[in-house]
Amino acid sequence: MMKIISGNSNRPLTEAICSYLNLPMVKAVVKRFNDMEVFVEIQENVRGQDMFVIQSTSFPANDHLMELLIIIDALRRASAKRITAVIPYFGYARQDRKPGPRTPISSKLVANIITRAGADRVLTIDLHAGQIQGFFDIPTDNLFSGPVFVRDIKQHMDVGNTIVVSPDVGGVVRARALAKRLDAPLAIVDKRRERAGESEVMNIIGDVAGKSCILIDDIVDSGGTLCNAAEALIAKGAKDVTAYITHGVLSGGAVSRITSSKLKNLVITDSIQPTEAVRVAKNIRVIPIAPLLGEAIGRTSREESVSSLFE
Ligand code: R5P
């Protein structure tokens, strides 16, 4: 039988997934000793059950990762039949290659320790790079928020006058996929530093004049990438700029940077629990990801296709 258990990173998301699946959350305590060590106690029988642990490894990333590992360990020692780590936002994903000599590949390390703790499968959304799936030697499903975004865009925008924009060259594949779903054209922001010591120049590839731009990305952290791209697009005559971004990391002064930017709207999912500042920000809107996750969890448990969700 399928059962859902939650870490502390985003309990409202787990509650929404449970209500989508019409299931109660497994009774458990995930708490701290005085020195902040994580302690987990599962308060009901899980022997032989198909367990799904919901935990984003968002801020504070290390604490939330440790909670995930300890919950998996507790489930394994309690004889769960199968353990799926549902990690809506997979932290450490940006460290997926060596940017220089003597640097780590931390996403691989994190994949190793999640597997070693006892996870049998992983379920996540919009991994920073699809190849990270290969860092896990256990089945890993990488869901796409594309269909959720398309539905929202069709409800809120005049699709006929939109252009999808990748905020950097690295995001072109993601942007092209959305443009195809919307049957909209594509533009790319190409950031270049012509000479060392000079500031970056933002070149726009594509004609955005008079268009409503849809910036698409996996992560908004400081908001720098986004706000700079919005400014460059408006300078090129774009009518307005809306961004659709899966994971609202939104560290430091990101929210105030975004509220005072040229962005008309930033739409994020609740893969990371929104802070109060995010909830009250005038140009940030949060859309629920629980239906997509709930559906994928249900299908995984029933051994049905997950990819058909995206056809
Ligand atoms: C980078 O490759 C990612 O896709 C995002 O563009 C980046 O993490 C956003 O970071 P920030 O909001 O700090 O510019």
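## Strand β6 and its partners

Leucine 123 in strand β6 has aspartate 141 of β7 as its bridge partner. This pairing comes from a predicted model. Strand β7 covers residues 140-143. β6 and β7 run parallel and are joined by 4 bridges.

Strand β5, residues 82-87, also pairs with β6. Again the sense is parallel, and 4 bridges make the link. Here threonine 84 is matched with arginine 121 of β6. Between β5 and β6 the chain passes through helix α3, residues 106-117. The resulting β-α-β crossover is right-handed.

## Which way the β6 side chains face

β6 spans residues 121-125, and 5 of its 5 residues are buried. Which residues point one way from the strand, and which the other? Arg121, Leu123 and Ile125 take one side. Val122 and Thr124 take the other. Both sets are buried. Two of these residues have already appeared as bridge partners: Arg121 pairs with threonine 84, and Leu123 pairs with aspartate 141.

## Helix α9

Helix α9 runs from residue 290 to 301 and holds 12 residues. From first C-alpha to last it reaches 16 Å. That is close to the 16 Å expected at 1.5 Å a residue.

How many residues of α9 are buried? The count is 10 of 12, so the helix is mostly covered, with buried meaning under 20% relative accessible area. The buried set includes Leu292, Leu293 and Ile297. Charged side chains are not left out of the list: Glu295 and Arg299 are among the buried residues. Ala290, Gly294, Ala296, Gly298 and Thr300 complete it. After the helix comes glutamate 303, whose phi is positive, near 60°.

## Two domains and their interface

The domain assignment splits the protein chain in two. Domain 1 takes residues 2-143 + 291-310, and domain 2 takes 146-288. Domain 1 is thus written as two segments, with domain 2 numbered between them. Taken over C-alpha atoms, the domain centres lie 28 Å apart.

Where the domains meet, 18 residues of domain 1 are in contact with 15 residues of domain 2. The area buried between them is about 1300 Å². Carbon and sulfur atoms give 54% of that area. Which residues of domain 1 lose the most area to domain 2? They are Tyr89, Arg94 and Asp126. Together these three account for 38% of what the domain 1 side buries.

Terms used:
Residues are numbered from 1 along each chain as its sequence is written. This is a predicted model: local features need pLDDT of at least 70, side-chain atom pairs count only at pLDDT 80 or more; totals for chains, interfaces and linings use all residues. Side-chain values use heavy atoms; hydrogens and water are left out. Helices (H or I, at least four residues) and strands (E, at least two) are DSSP runs, numbered from the N terminus. The expected span of a helix is 1.5 Å times one less than its number of residues. Buried means under 20% relative accessible area, exposed over 50%, partly exposed in between (1.4 Å probe, protein chains only). Two strands pair if DSSP finds at least two bridges between them. A crossover is right-handed if, with the strands pointing away from the viewer, the path from the first strand over the helix to the second runs clockwise. Domain bounds come from an automatic or database domain assignment. Contact means heavy atoms within 4.5 Å. Buried area is the accessible area (1.4 Å probe) that two parts lose on being put together, summed over both.
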